[in-house]
Amino acid sequence: MTAQAMDGRLRRARARPELANALEDMILRPKNGEGCPRGSRQGELKTYMLESNGGFPSRLESDGMLCEVEDAGLDRVKIMRARRGKDSTEFFLDMEDERFLRLHTVARAEDADRIVDALVRDGRHMFDNVWFHPAMLKRLADKQGSSFRSSGAACSDRFLRSGEGRREDADSPSGGGLPAKKIRDSAGSGRHAGRAAARGGARSMRGSGTDPCGSARDGTRGAGYFAAKRGKSVQDHLRLVDACKVEYSRTIAYIESLRIGTSEIEGKMRVAGGPFNFVFPDSIEDLDLFIDRMFNSDMPFNLWGMKFAIDEGYFKIMAIDLHANRPIDFEITKDFMRVYLFKGGCGNTLLRILANLQLHYDANAMCRQITDSPSGNAPD
Amino acid sequence: MGIGRQYKASTHTRLINMFVGLCAKTESWPHVLFDPGYRVELVERTINMQSGSKISPDVVAVSEDLSHAIVADCKSGNNVSAEQDERYGKLKPGDLAHYVAVRGPGGLKHAVCYVDSSANHDRLARHTRFPFITFGPNFVEGHGSFGQPQIDKKLSVPTVQEGMRVPDSFYPFAPDDEDDEVAPHVLRGLVLYVAERKGKARHPIADRGAHERILELVHPHAGAMSSRHRTRLVDRIKKMTNMLLSNEQDLRELVHGIGRGEEGTATMQDFSTACARLIKEHSHGNK
């Protein structure tokens, strides 16, 4: 880590105590949920990281939900209240980085999940989850000051035809997640077992594990969700979230530097960029189904596309990324997929594709330009 | 989804993409020019020469490592015009300096070359002294000297690669491409344009500004091509937009629906269906 980067990090850490205090107050505030159902996680600090291409409006309505943003008396931090009928859920909206917003709450995970999901699904505001692909999750959980503790595994039937298999969608490091071993046991051994099970979440530890007041144990999920599972150090939780944000934004910047388009270099307009190459070590068995599920305009891929055959077993998809409303092209065979991200396109889309392919289709699917990117391997 | 019809770009557009693919790290496509450092810098750009005449190569790729540029003209037919050949012969190293960065103490050297397919090569090669980069079904090879020993050596033997898959998306379409090649790009551009303007009172799709914007949205090289080439592309988009929207009421309603913020899954699926039908109607043999 360079001295400059260290200095930047220290400045950031010093700039956050007000937010940490406000969050501690939020945690300690008397809960109105004495009758909360067993298993709910009210009181636990959770942070959702969202990627935003259009800022956060002061008021937005979406699918029967009204969100209003008001001043929190803190620098670059607002309070967002989401109301649906009589229910109201409160978040601290951290706008220190306006592209990567962080929403902190102690509300029940089910309520908060529903609100964040509604924000992302409403395409008008150009929000997206951030997408930690499984290798990134492990690396983030291992970041300096943290130690990787365990991972949850996930598999799903998103790419199965109806009636084939059963749904085992477990995008959580706790509770719902099927351990990788169990998936391997049920799926048999060998290459296909690894293909079925992807890391959908990770747990990490910061601070001293013997001192609950000076440590935080965080659960991190692929779609940019951090939950302080044990321990009471809000600062440690915030530092982990900040460190993940820094690494994630570096990766996005690197991806966007490879976009295809024109740019002015040394006063001359030139073209630059190239495709991202995804490879599938285990060939795609049903290419029609694969393409149909990826480009059906639905979550999690959020892509619409027109499919054309270039050659036998070789397709071109002229797609639209519905998150950013930008064109994106694909060329797909059973063994590889080229992705053409054009200038103006959102780098987050590439991470959305990689993370969800690994989670829902094949844990061995790979895009080396992303996983081996300089930012991806950058020292902390 | 489910359009599934054959997509064949024109041979000329395809050759541009094949050449550009050599300069990128492209899966299942040889990167013989990427490895020695060639990167595409100009596409469809007119170059004014000191001699007073102009050339319009399809692609210029520059290797900073070799201080060398390849000025490529893609040939889909059987002929090289003697007049064009003569103009390319007047290109001097200094002419390129205004368009690409001149690197290295000795300045930038260059080679003009034609890009063709093996089926046409013998006939084309009779008409010119310039070198060629020639694509076959599973190989790429060079003919003649590029004035750069490393490249001459690399291209003098065919690079054979089984399972070569033509990259098709660097350069989407050209002004002279057929309607069925341009239509999908324009349809997508229409959706992007109205989605970008949703919530605003009007969607002036008939305006020149709209066609300019659609070009920027669907053609990644629009910002750096010559004004003549750009004007021709805008004209092509205008013609196709007017044709699609004046003849197709359901498409017009879908486009306006998307403009009103109705681009949910169902709307986009309806749009897919409309696109599929239109593309089928506009494909070869149905015009």
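How many residues does helix α8 of chain B have, and what distance does it reach from its first C-alpha to its last?

## Helix α8 of chain B

In this predicted model, helix α8 of chain B covers residues 227-247, which is 21 residues. The helix reaches 30 Å from its first C-alpha to its last, close to the 30 Å expected at 1.5 Å a residue. Buried positions in α8(B) include the nonpolar residues L233(B), V234(B), I237(B), M240(B) and L244(B). R230(B), R236(B), K238(B) and T241(B) are buried in this helix as well.

## Chain B as a whole

Chain B contains 10 helices and 10 strands. It has 287 residues, of which 45% count as buried. Among its contacts between residues at least 6 apart in sequence, 62% join residues at least 24 apart.

## The sheet of chain B

Seven strands of chain B form an open sheet with mixed pairing, in the order β2-β5-β6-β7-β8-β9-β10. The edges are taken by β2 (38-43) and β10 (159-160); each has a single partner strand, so one side of each is left without a neighbour in the sheet.

Helix α4 (residues 118-125) of chain B packs on this sheet and touches β7 (109-117), β8 and β9. The direction of α4 makes about 120° with that of β7(B). Strands β8 (residues 132-136) and β9 (residues 139-143) of chain B run antiparallel and are joined by five bridges. In this pair, G136(B) stands opposite F139(B) of β9(B).

## The nonpolar core

The largest nonpolar core holds 160 residues. The members that touch the most others are V339(A), F19(B), V59(B), A61(B) and C113(B). Helix α6 (residues 179-196) of chain B gives the largest share, 10 residues. Both domain 1 (11-160) and domain 2 (179-282) of chain B supply at least three residues to this core.

What does V59(B) contact, leaving aside its neighbours within four places in sequence? On the N-terminal side of the sequence, its partners are I16(B), F19(B), V20(B), V40(B), L42(B) and V43(B), and A72(B) is also in contact with V59(B). F19(B), one of these partners, is itself among the core members with the most contacts to other members.

## Backbone exceptions

Most residues other than glycine have a negative phi, and most peptide bonds are trans. Two residues of chain B depart from the phi pattern. S28(B), which is not a glycine, has a positive phi of about 55°. S28(B) sits in the loop between α1 (11-22) and β2 of chain B. This residue counts as buried because 20 other C-beta atoms lie within 10 Å, and 20 is the lower limit for that class.

E44(B) has a positive phi near 50° and belongs to the loop between β2 and β3 (47-48) of chain B. With 24 other C-beta atoms within 10 Å, E44(B) is buried.

In chain A, the peptide bond from M299(A) to P300(A) is cis, with omega near 5°. P300(A) lies in the loop between α8 (287-294) and β15 (303-311) of chain A.

## E44 in chain A

Is E44(A) buried or partly exposed? E44(A) is partly exposed, because 17 other C-beta atoms lie within 10 Å, and a buried residue needs 20 or more. Its place is the loop between α2 (17-28) and β1 (46-52) of chain A.

Leaving aside neighbours within four places in sequence, E44(A) is in contact with V106(A), A227(A) and A228(A). E44(A) and V106(A) are 62 residues apart along the chain, yet their C-alpha atoms are separated by 5.3 Å.

Technical notes
Residues numbered from 1 in each chain as written. Chains lettered and ligands numbered in written order. Predicted model: local features only at pLDDT ≥ 70, side-chain atom pairs only at ≥ 80, totals over all residues. Pairing = 2+ DSSP bridges. Helix = DSSP H or I, 4+ residues; strand = E, 2+ residues; numbered from the N terminus. Contact = placed C-beta atoms within 7 Å. Axes fitted to C-alpha atoms, helices over the stretch in contact; angles between N-to-C directions. Buried ≥ 20, exposed ≤ 12 C-beta atoms within 10 Å, placed from the backbone. Expected span 1.5 Å × (residues − 1). Core = buried A, V, L, I, M, F, W, Y, C linked by C-beta atoms within 7 Å. Domains from an automatic or database assignment.
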